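Hi,

Here is the structure I said I'd pass on to you. Have a look at it first, and then read my notes below.

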Amino acid sequence: MPRGITPRLNICHMYPDLLNLYGDRGNIMAYRMRCLWREIEVAIHQVNIGDSVDFDRMDFIFLGGGSDREQSLMAADLAEKAGALEQAIEGGVPVLAICGGYQLLGKYYKTLTGDIIPGLGILDLYTDGGETRLIGNVAVEVELGGIRQTITGFENHSGRTCLGKLDPLGKVMAGHGNNGRDGMEGARYKNVICSYLHGPLLPKNPFVTDYLIACAVKRKWSIPLKPLDDSIEMSANSVMLKRLLGP
Amino acid sequence: MKKARLFIALITAKLLVFLIRLLGRGKGTSLPGSIALKIYPGLISDLSSRVRKGVIVVTGTNGKTTTNNMIARILEAGGGRVLINREGANLINGVAAAFAREMNFLNSRAFDYACLEVDEAAFPGVASRVRPCCVVITNFFRDQLDRYGELDRTIALVRNALKEMEGTRLVLNADDPLVAQLGRSTGLQSVFYGVAEHGGVTRQGAAAREAKFCPFCGHELAYRYYQYSQLGSYSCPGCDFSRPDPDVEGTSPRRGGSFTQCRVRFRQGSAVSLEVPVYGMYNLYNALAAYATTLLLDMDPQKAAGFLKGYRPATGRMERFDYRGKPVYLNLVKNPTGFNEGIGALVEMSGADLNVMIAINDNDADGRDISWLWDVDFEILADCQERIREFVCSGYRAEEMALRLKYAGILTSRLVVEGDFNEAVSRVLGGGAGKTCILATYTALWPVERILSGYAKRDHTPAEHLPHVS
Ligand SMILES: [Zn+2]
């Protein structure tokens, strides 16, 4: 990195007008603040329906979830951008996809009545609709950047997602996870992290945020991330872990 | 046989209420109702049919308790006997308990009106039993998603229940498109209330806006201005749906020390002046809803306005306490819009510096998912944090509340985590600022209120003695 130039990351917030459920914007806040605290500038690009976007220029893409109607509006718009998004993902752009956004990256969503709603087909996974919603606090053991950590969050989904040849994000320690059966939660592919955990995921699990920031930074410059004081973050995390897993 | 069952149900419920209070296990608002309903399922419809002039049901996301209490206050002051389900007992068991507690077998306590606040999810069940003469709907905001599913579903639930009712009249918020649409979509006779454009409206929509699309044709609604959240003046570019011309409309609202004033314009052309001893725009909406309802029940406009002036806020609705000569405000928060309203009122408080306590629990009644805290605009507090000495975060999710404030940009040196309510209340009161503001979720509110009452006096300064703004 040449001296005197401030590093700057481009954050892409997909459909903030449409997908504002479950405190999704908390993930953007966390990413942004943890950059700013390290003197990394950020520019947030909000992409709404009909807007064009250059995914290749982005350093982080966030895709959240919404209600059914919002989800289908988003799917129709994103379908037109699928090729460019896939190219960016293959090129290593870090992505966080939550709930509906996670499902949409997969092959399809099959409803209870048997209708197949096609996904973008970028990731090798599919989702079946379920009779009941899987709701509650979750703890998941993950390994990010060689470090084993436990993330916490809240899940609320009726879809059951199954992974093809993809790694899960982690192992469910408490809660339901992808489908309530195989003990797995989320998915990983290149620099993409998918999860059913909102809650929101990034503020409460700063090591996930820092992993995504580090991925972005590494693609542009060779500077290490300054450590931050995470005592409040980790106490919020550990209070929930204690409740779910015992002391 | 029916009579005997009713008799047993009532005796049992009354006995249970008595025992629960005796044992100090709560206010007896739910269990006696559920037992009484098991003994005699027809309890609510049977007892509600004995109410002489009619049952009024208030539903919607925010402002149910305040609006319902205001309606009851006006009707009572007008000489009516009013049965009311107080203290948020707004599910079917709570309604049953209210009837069982207040009514007796000889019918000697005959009521003129029953004023019931009813949770949106419980609305179909309660409404079909009590057959209300009028239904008041305050607003629809996102609330506790993990319990009710999505907002669209809640509204459909209410709409379908209303379609089954004949002769019921609606009192609807004209400024909330999600509420106003119910006039046309149910075909019921409707009275609309709202607030006219004034200096405080904005042209920009807020982040937590719920209604974006026309409920009739799906086009994105166009707004001329916003009052707050999705409330404002809207119209659909795709069809003829737009903000209805209100029958009762507040104009030029003004804020006083701890009251709100406005002129009320009627569609017929006349006007009165209204003053309510409560804070904030959202409470003005509640007052207008209550006012419109009582006019619909043939109350005299001047008298009703006078009675409303004597209204007292219920526990945790910006309720004012006095601690060693300094005011302490206690406010219930349960969803992003309500929380933003509470923060708005806090920021508007003029003069001295503040101490703030926020208590967040995640029991079923609070909503187990607290991710909605990230939809609240705490960033507004960060902008004026030099006025706030300390933020005391409490409750089961105290740590997460502190985390939210940290990411809103509040300095960590101003954040205190104190999960224990006793310690937290004593810390915030001892903070030494000129004013104290306590915000608490539902199940945190009651313990906090009890502890606070031990330190501070409830402030009952009558509105008449407050200075008037000129
Ligand atoms: Zn329309």
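Let's start with a single residue: does A:Leu225 count as buried, partly exposed or exposed, and why? Keep in mind that this is a predicted model. A:Leu225 counts as partly exposed, because its relative accessibility is 26% and that class lies between under 20% for buried and over 50% for exposed.

To find A:Leu225, go to the loop between helix 5 (206–220) and helix 6 of chain A. Leaving aside residues up to four places away in sequence, A:Leu225 touches A:Arg38, A:Ile40, A:Asp210, A:Ile213, A:Ala214 and A:Val217. If you want a feel for distances, try A:Gln103: A:Gln103 and A:Leu225 are 122 residues apart along the chain, and their C-alpha atoms are separated by 31 Å.

Next, the place where the two chains meet. Chain A brings 36 residues to the contact and chain B brings 30. Together they bury about 2,900 Å², with carbon and sulfur atoms giving 55% of that area. The interface of chain A and chain B also has five salt bridges. One to look up is the pair A:Arg25 and B:Asp377, whose side chains meet at 2.8 Å, N to O. On top of that, 12 residue pairs across the interface of chain A and chain B are in polar contact, both residues being at pLDDT 80 or more.

Which elements of chain A give two or more residues to the side that touches chain B? They are helix 1 (25–36), helix 2 (68–90), strand 8 (134–144), strand 9 (147–157), helix 4 (201–204) and helix 6 (231–245). Helix 6 of chain A gives the most, with seven residues. Sorted by type, the residues on this side of chain A are 16 nonpolar, 10 polar and 10 charged.

There is an interface inside chain B too. Chain B is divided into domain 1 (53–84 + 116–308) and domain 2 (319–457), and the C-alpha centres of these two domains of chain B lie 28 Å apart. In chain B, 16 residues of domain 1 are in contact with 18 residues of domain 2. How many salt bridges are there between domain 1 and domain 2 of chain B? The count is zero. What the rule does find between these domains of chain B is three residue pairs in polar contact, again with both residues at pLDDT 80 or more. On the side of domain 1 of chain B that touches domain 2, five residues are nonpolar, five are polar and six are charged. The area buried between the two domains of chain B is about 1,500 Å², and carbon and sulfur atoms give 45% of it.

Cheers

Key:
Residues numbered from 1 in each chain as written. Chains lettered and ligands numbered in written order. Predicted model: local features only at pLDDT ≥ 70, side-chain atom pairs only at ≥ 80, totals over all residues. Heavy atoms only, no water. Domains from an automatic or database assignment. Contact = heavy atoms within 4.5 Å. Buried area = accessible area lost by both parts, 1.4 Å probe. Salt bridge = Lys/Arg side-chain N within 4 Å of Asp/Glu carboxyl O. Polar contact = N/O pair within 3.5 Å; in protein donor to acceptor, adjacent residues only side chain to side chain. Nonpolar A, V, L, I, M, F, W, Y, C, P; charged D, E, K, R; others polar. Helix = DSSP H or I, 4+ residues; strand = E, 2+ residues; numbered from the N terminus. Buried < 20%, exposed > 50% of the residue type's maximum accessible area, 1.4 Å probe, protein only.
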